[in-house]
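Colleague: Got a minute to go through this one with me? I'd like to start with how helix crossings get their handedness.

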Amino acid sequence: MKNRSIKSFVKPYLWLALIAPLCMVGEVLADLKQPNYMNTILKEGVAKGDIDTILAIALRMGITLIIGVACGVLCTVFASMASQRFANDLRVALYSKVMQLSLAETDDFSTGSLVTRITNDINTLQEFMNMLLRMFVRSPLMFLGGVILCIQIDSRYAIIIALALPIQLMIMFLIVRRANPMFKDVQKKLDKVNSVVQEDVSGARVIKAYVKEEYENERFDNANKNLRDTNIRVLNLMSLMGPFMMIIMNIAIIAIIYINRNTLDINVSADIMTAITYITQILMSLNMFGMMFQQVSRALACASRVREVLNCPLSIESSAEKSEDAESGSGASVTFENVCFRYPNTSGNPVLSEISLDIRPGEFVAIVGSTGVGKTSLLNLIPRFYDPFEGKVLLNGRDVRDYDLEDLRNRMGIVLQKSELFAGSIADNIRFGKEDATDEEIRKAAEIAQATEFIDSFLEGFETPVSEKGASLSGGQKQRLSIARALVRKPSVLIMDDATSALDLATEARLLQGIHREMKDTTLIMVAQRIAGIRHADRIAVLENGRISAFAPHDELMKNSQCYREIYDSQLKGGAYLAE
Ligand code: CTP
Ligand code: MG
């Protein structure tokens, strides 16, 4: 995938982005003209008592005002259109990139940070663009126009401006320089708040179980307080600008009056008023510069965070070619050739070393081993959740890295160790495995997964709503739905990671018989803790210290594998389970 710059997202709306500043020019010209009209009213109208002139000029003032307001509104409309559309496109692109990220990268960024980047950071960029199209045009124009027109009234005013500017600029520079790093900090603190919220909301059950509300509240409070304090510090600092500007302005007014102290009549008063208005405009626009700098540094911080995700290289990339061989339904062979694997950014002993397995099409292979030995990691390599750093995994004799990723994963039905369901009906959740599955197919899959019994006991049957993350179902019910979701695709390879742990032995046996009967051709690779369920597997791989220590049918393993026998003994003889 080629890298995209953030600028490229502005391109489609360039014409809007150009019209907006043009409208702003209109608004500024109208604003600059107003003090000039005021001046004329005072000099030509009020001073000479000429009502007609006053009315005529007032009318012109009104028209100019209307033009100015119209230009202003148009500018706002175009700027909003451009910035909103730009932000929308960027958000869509970033979101789809986040969906593409491999597990290694999502682990790395953290969920909270990814959410902040998609929401808050892009919002900031949107606000920045909006401001760029309006204030960034307005301030310099206002500034220049004000200076020129003010000096036109009396060239001596140039001295006042020349004295006031450096002081104001200096103050601004000092404030902005201190504020910049704080803005970067605000963004990071926001990440932290989002991370805590994310974790706590999704882990609400555990928090309640351990009565950790207080502790978690405190953790959130801390994150939140941090964010608040940083925000307040920045805003306090920025708010210093206003009072400073007022002081400078008042001194400037005194200076203007002082210059005119000997000739203070109505003509001069008119000039004074106009000059004060211009000076105010000049200083105000200078102040805006300050705000703009601050926005620039905020936007830059956000842009680099968005870019980081947008152009993050994918550790797992899809090979371009689609393969035509073997439509789903018929089993596929799965081969591990000398595979070594360790999680990205970890060191030490690899999780898996020198794994070689040759699983035939249609075979039922079980994987056993103590907890944490690497069973899940081994399964993760087949759908390319991760890639091995040495050796190869082959599907139907072809390296999984040579498959189109979507095609590869579409050939598999995967039941993860932790069941994840989504909000929707039971049928929706099963249909997740195959979009166009008929009601018939869904029922069939549920039947094999031993789920119909409980589904039919619900009043609404397959239309029963499942709440977020499947919270409204029992652990065993969730597992069976996850299995049905995998079965409905009639995969070539069915991968079950300890997916029957919450089922009783009899249900587990019926499930495996069902799969064996209805999906004879499907290759089944199943991790299990309990030997009772998998003793009839064609072959069983024993994983020890990250290596396969034995790979044979149950009876043979009982004779040859000490590790297997120990597991068996601990479960059957020890009375942990009454065998079958
Ligand atoms: N691991 C890791 N990073 C991950 C996941 C796992 O470093 N993102 C490590 C774990 O600490 C563990 C090893 O990889 O030591 C193997 O983990 P796993 O394959 O999940 O073990 P399983 O055999 O599946 O364990 P269980 O029976 O508990 O599911
Ligand atoms: Mg596991």
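Modeller: Sure, terms up front: a crossing is left-handed if the near helix is turned anticlockwise from the far one by less than a right angle, and right-handed if clockwise. Keep in mind that this is a predicted model.

Colleague: OK, so which hand is the crossing of helix 2 and helix 4?

Modeller: Right-handed, for helix 2 against helix 4. By class, their contact has 15 nonpolar, seven polar and three charged residues.

Colleague: And at what angle do the axes of helix 2 and helix 4 cross?

Modeller: Roughly 155 degrees, with the axes coming within 9 Å. Helix 2 covers residues 51–100 and helix 4 covers residues 111–153. Angles over 145 degrees count as roughly antiparallel, so that is what helix 2 and helix 4 are to each other.

Colleague: What about the largest nonpolar core, how many residues are in it?

Modeller: It has 80 residues, and Phe86, Leu90, Leu125 and Ile279 have the most contacts inside it. Among the elements that give two or more residues to this core are helix 1 (14–46), helix 2, helix 4 and helix 5 (157–202).

Colleague: Which helix gives the most to this core?

Modeller: Helix 9, with 16 residues. Helix 9 spans 266–310.

Colleague: Switching to the metal. Which residues coordinate the magnesium ion?

Modeller: Thr376 through OG1 and Gln417 through OE1, at 1.8 to 2.2 Å. Threonine 376 lies in helix 10 (residues 375–380), while glutamine 417 is in the loop between strand 6 (412–415) and strand 7 (424–425), so the pair ties together parts that are 41 residues apart in sequence.

Colleague: How accessible are threonine 376 and glutamine 417?

Modeller: Threonine 376 counts as partly exposed at 26% relative accessibility. Glutamine 417 is partly exposed as well, with a relative accessible area of 42%.

Colleague: Now backbone stuff. What is the phi of glutamine 450?

Modeller: Near 60 degrees, a positive value in a residue other than glycine. Most residues other than glycine have a negative phi. Glutamine 450 is found in the loop between helix 13 (439–448) and helix 14 (452–457).

Colleague: Is glutamine 450 buried or exposed, and why?

Modeller: Buried, because its relative accessible area is 16% and the cut-off for buried is under 20%.

Colleague: And what about the phi of aspartate 498?

Modeller: Aspartate 498 has a positive phi of about 50 degrees although it is not a glycine. This aspartate 498 lies in the loop between strand 9 (493–497) and helix 16 (505–518), and at 8% relative accessibility it counts as buried.

Notes:
Residues numbered from 1 in each chain as written. Chains lettered and ligands numbered in written order. Predicted model: local features only at pLDDT ≥ 70, side-chain atom pairs only at ≥ 80, totals over all residues. Heavy atoms only, no water. Donors = N, O, S within 2.8 Å, 3.2 Å for Na, K, Ca; no water. Helix = DSSP H or I, 4+ residues; strand = E, 2+ residues; numbered from the N terminus. Buried < 20%, exposed > 50% of the residue type's maximum accessible area, 1.4 Å probe, protein only. Axes fitted to C-alpha atoms, helices over the stretch in contact; angles between N-to-C directions. Parallel < 35°, antiparallel > 145°, perpendicular 65-115°, else oblique. Nonpolar A, V, L, I, M, F, W, Y, C, P; charged D, E, K, R; others polar. Core = buried A, V, L, I, M, F, W, Y, C linked by side-chain atoms within 4.5 Å.
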